[in-house]
Amino acid sequence: MRNMTFLLAAAPLALLAACGEPETEDTAALETDKAATTQSADDTRSAHATDLDEAGDFSGTYSFDAPDGTRTQLTVNAQDDTFEYKGADGTLESGNYDRLADGYRIKIEDWFGSPAYFTVSDGDLVRLEQDIDITPDMQVSGERYVRGDDEDDAVFSREPELASPVAPQD
(Lines give C-alpha, C1' and ligand atoms only; values in the text may rest on other atoms or scores of the structure.)
Protein backbone atom coordinates (compact mmCIF):
# COMPACT_ATOMS: atom_id res chain seq x y z
CA MET A 1 0.00 0.00 0.00
CA ARG A 2 2.85 2.36 0.78
CA ASN A 3 4.38 1.74 -2.64
CA MET A 4 1.09 2.59 -4.30
CA THR A 5 0.80 5.86 -2.34
CA PHE A 6 4.36 6.78 -3.28
CA LEU A 7 3.70 6.13 -6.97
CA LEU A 8 0.49 8.15 -6.91
CA ALA A 9 2.32 11.09 -5.31
CA ALA A 10 5.32 10.90 -7.67
CA ALA A 11 3.35 10.51 -10.93
CA PRO A 12 2.14 14.15 -11.18
CA LEU A 13 5.65 15.43 -10.45
CA ALA A 14 7.10 13.24 -13.21
CA LEU A 15 4.50 14.55 -15.66
CA LEU A 16 5.32 18.16 -14.79
CA ALA A 17 9.04 17.55 -15.28
CA ALA A 18 8.45 15.90 -18.67
CA CYS A 19 6.21 18.71 -19.90
CA GLY A 20 8.86 21.40 -20.41
CA GLU A 21 8.10 24.34 -22.63
CA PRO A 22 9.48 24.02 -26.15
CA GLU A 23 12.12 26.58 -27.13
CA THR A 24 10.50 29.49 -28.91
CA GLU A 25 12.07 32.10 -31.14
CA ASP A 26 11.99 34.56 -28.21
CA THR A 27 13.93 32.14 -25.99
CA ALA A 28 16.50 31.54 -28.74
CA ALA A 29 16.87 35.30 -29.31
CA LEU A 30 17.45 35.92 -25.60
CA GLU A 31 20.14 33.23 -25.49
CA THR A 32 21.81 34.73 -28.58
CA ASP A 33 21.77 38.22 -27.02
CA LYS A 34 23.24 36.85 -23.80
CA ALA A 35 26.04 35.12 -25.71
CA ALA A 36 26.80 38.32 -27.63
CA THR A 37 27.22 40.33 -24.43
CA THR A 38 29.53 37.78 -22.80
CA GLN A 39 31.97 37.29 -25.66
CA SER A 40 35.64 37.24 -24.78
CA ALA A 41 38.03 40.07 -25.48
CA ASP A 42 39.56 38.29 -28.49
CA ASP A 43 36.41 38.56 -30.58
CA THR A 44 36.30 40.73 -33.67
CA ARG A 45 32.54 41.22 -33.84
CA SER A 46 31.23 44.17 -35.83
CA ALA A 47 29.54 47.09 -34.11
CA HIS A 48 28.98 50.77 -34.76
CA ALA A 49 31.79 53.15 -33.88
CA THR A 50 31.12 55.92 -31.37
CA ASP A 51 32.01 59.52 -32.10
CA LEU A 52 34.88 60.41 -29.75
CA ASP A 53 33.07 63.51 -28.48
CA GLU A 54 29.97 61.42 -27.72
CA ALA A 55 32.08 58.70 -26.06
CA GLY A 56 33.01 61.19 -23.34
CA ASP A 57 35.97 60.28 -21.20
CA PHE A 58 37.15 56.95 -22.59
CA SER A 59 40.28 57.02 -20.42
CA GLY A 60 41.24 53.72 -18.83
CA THR A 61 43.08 50.47 -19.30
CA TYR A 62 41.86 48.10 -22.00
CA SER A 63 43.03 44.50 -22.48
CA PHE A 64 43.15 42.21 -25.49
CA ASP A 65 43.35 38.45 -24.95
CA ALA A 66 44.84 36.90 -28.08
CA PRO A 67 43.80 33.43 -29.25
CA ASP A 68 47.24 32.11 -28.21
CA GLY A 69 46.50 33.04 -24.58
CA THR A 70 48.68 36.16 -24.38
CA ARG A 71 47.35 39.44 -23.04
CA THR A 72 48.23 42.96 -24.12
CA GLN A 73 47.07 46.16 -22.47
CA LEU A 74 46.50 49.67 -23.74
CA THR A 75 46.00 52.56 -21.31
CA VAL A 76 44.70 55.80 -22.76
CA ASN A 77 44.18 59.19 -21.17
CA ALA A 78 41.61 61.19 -23.12
CA GLN A 79 42.39 64.42 -21.21
CA ASP A 80 45.91 64.78 -22.57
CA ASP A 81 45.78 62.33 -25.55
CA THR A 82 48.50 60.02 -24.20
CA PHE A 83 48.77 56.24 -24.25
CA GLU A 84 50.82 53.43 -22.77
CA TYR A 85 50.93 50.00 -24.37
CA LYS A 86 52.16 46.88 -22.61
CA GLY A 87 52.95 44.03 -24.96
CA ALA A 88 52.51 40.36 -24.16
CA ASP A 89 56.27 40.08 -23.61
CA GLY A 90 56.24 42.98 -21.13
CA THR A 91 57.64 45.63 -23.46
CA LEU A 92 56.25 49.12 -22.93
CA GLU A 93 55.51 51.80 -25.49
CA SER A 94 54.13 55.21 -24.60
CA GLY A 95 53.52 58.57 -26.19
CA ASN A 96 50.80 60.75 -27.62
CA TYR A 97 48.05 59.76 -30.02
CA ASP A 98 46.26 61.93 -32.58
CA ARG A 99 42.50 62.38 -32.93
CA LEU A 100 41.68 62.12 -36.62
CA ALA A 101 39.47 64.49 -38.62
CA ASP A 102 36.55 62.05 -39.01
CA GLY A 103 35.97 62.34 -35.24
CA TYR A 104 35.82 58.57 -34.74
CA ARG A 105 39.44 57.43 -34.74
CA ILE A 106 42.67 57.87 -32.88
CA LYS A 107 46.04 57.16 -34.45
CA ILE A 108 49.13 55.91 -32.66
CA GLU A 109 51.97 56.80 -35.00
CA ASP A 110 54.55 54.28 -33.77
CA TRP A 111 52.78 51.05 -32.82
CA PHE A 112 55.86 48.83 -32.77
CA GLY A 113 57.10 50.21 -36.06
CA SER A 114 53.91 51.10 -37.92
CA PRO A 115 50.83 53.28 -37.36
CA ALA A 116 47.73 51.83 -35.63
CA TYR A 117 44.16 53.14 -35.71
CA PHE A 118 41.59 52.69 -32.94
CA THR A 119 37.96 53.63 -32.44
CA VAL A 120 35.55 53.42 -29.50
CA SER A 121 32.76 50.87 -30.02
CA ASP A 122 30.32 49.60 -27.36
CA GLY A 123 32.61 50.94 -24.62
CA ASP A 124 35.66 49.08 -25.94
CA LEU A 125 38.61 50.18 -28.06
CA VAL A 126 38.76 48.45 -31.43
CA ARG A 127 42.05 48.30 -33.32
CA LEU A 128 41.09 48.72 -36.94
CA GLU A 129 42.66 46.44 -39.52
CA GLN A 130 43.33 49.32 -41.91
CA ASP A 131 43.24 53.12 -42.19
CA ILE A 132 39.67 53.90 -43.25
CA ASP A 133 37.46 56.94 -42.70
CA ILE A 134 34.52 56.05 -40.48
CA THR A 135 30.99 57.30 -41.07
CA PRO A 136 28.14 57.25 -38.50
CA ASP A 137 26.35 54.24 -40.05
CA MET A 138 29.50 52.13 -40.54
CA GLN A 139 30.13 48.87 -38.70
CA VAL A 140 33.72 48.40 -37.48
CA SER A 141 35.62 45.27 -36.52
CA GLY A 142 39.10 44.37 -35.41
CA GLU A 143 40.97 43.43 -32.25
CA ARG A 144 38.62 44.40 -29.41
CA TYR A 145 40.40 45.83 -26.35
CA VAL A 146 38.00 45.50 -23.39
CA ARG A 147 38.04 47.97 -20.51
CA GLY A 148 38.99 46.43 -17.18
CA ASP A 149 36.40 46.19 -14.42
CA ASP A 150 38.83 47.19 -11.68
CA GLU A 151 38.88 50.74 -10.38
CA ASP A 152 42.67 50.49 -10.51
CA ASP A 153 42.38 50.49 -14.32
CA ALA A 154 41.10 54.06 -14.38
CA VAL A 155 43.52 56.79 -15.34
CA PHE A 156 44.06 59.20 -12.43
CA SER A 157 43.25 62.61 -13.89
CA ARG A 158 41.68 64.83 -11.21
CA GLU A 159 43.20 67.46 -8.98
CA PRO A 160 43.72 66.22 -5.43
CA GLU A 161 41.37 67.45 -2.74
CA LEU A 162 42.60 68.86 0.53
CA ALA A 163 44.04 66.05 2.71
CA SER A 164 43.72 63.50 -0.08
CA PRO A 165 46.62 61.48 -1.53
CA VAL A 166 48.17 62.86 -4.69
CA ALA A 167 47.83 59.51 -6.47
CA PRO A 168 45.64 56.48 -5.90
CA GLN A 169 46.94 54.17 -3.19
CA ASP A 170 47.68 50.55 -4.13
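This is a short walk through some strands and turns of a predicted model.

Let us start with strand β4, which covers residues 82-86. In a regular strand, side chains alternate between the two faces of the sheet. Strand β4 shows this alternation nicely: Phe-83 and Tyr-85 point to one face and are buried. Thr-82, Glu-84 and Lys-86 point to the other face and are not buried.

Now look at the neighbours of this strand. On the one hand, β4 pairs with strand β3 (residues 71-77) in the antiparallel sense, over five bridges. If you want a place to find this pairing in the structure, look for Asn-77, which stands opposite Thr-82 in β4. The two strands form a hairpin with four residues between them, and Asp-81 in that turn has a positive phi of about 55 degrees.

On the other hand, β4 also pairs with strand β5 (residues 92-96), again antiparallel and over five bridges. Here Phe-83, one of the buried residues of β4, stands opposite Gly-95 in β5. The hairpin of β4 and β5 has five residues between the strands, and Gly-90 takes a positive phi near 95 degrees there.

Further along the chain we meet strand β8, residues 114-121. Is this strand enclosed or open? Six of its eight residues are buried, so β8 is largely enclosed by the rest of the structure.

Strand β8 has partners as well. With strand β7 (residues 105-111) it pairs in the antiparallel sense over five bridges, while four bridges join β8 to strand β9 (residues 124-128), also antiparallel. A handy residue for seeing both pairings is Phe-118: in β8 it stands opposite Ile-106, and its bridge partner in β9 is Arg-127.

The turns on either side of β8 deserve a look too. Most residues other than glycine have a negative phi. Which residue in the loop between β7 and β8 has a positive phi? That residue is Phe-112, in a hairpin with two residues between the strands. Its phi is near 55 degrees, a positive value in a residue other than glycine. Phe-112 has 40% relative accessibility, which lies between the limits of 20% for buried and 50% for exposed, so Phe-112 counts as partly exposed.

The hairpin of β8 and β9 likewise has two residues between its strands. In the loop there you will find Asp-122, whose phi is near 55 degrees, again a positive value in a residue other than glycine.

Note on methods
Residues numbered from 1 in each chain as written. Predicted model: local features only at pLDDT ≥ 70, side-chain atom pairs only at ≥ 80, totals over all residues. Heavy atoms only, no water. Buried < 20%, exposed > 50% of the residue type's maximum accessible area, 1.4 Å probe, protein only. Pairing = 2+ DSSP bridges.
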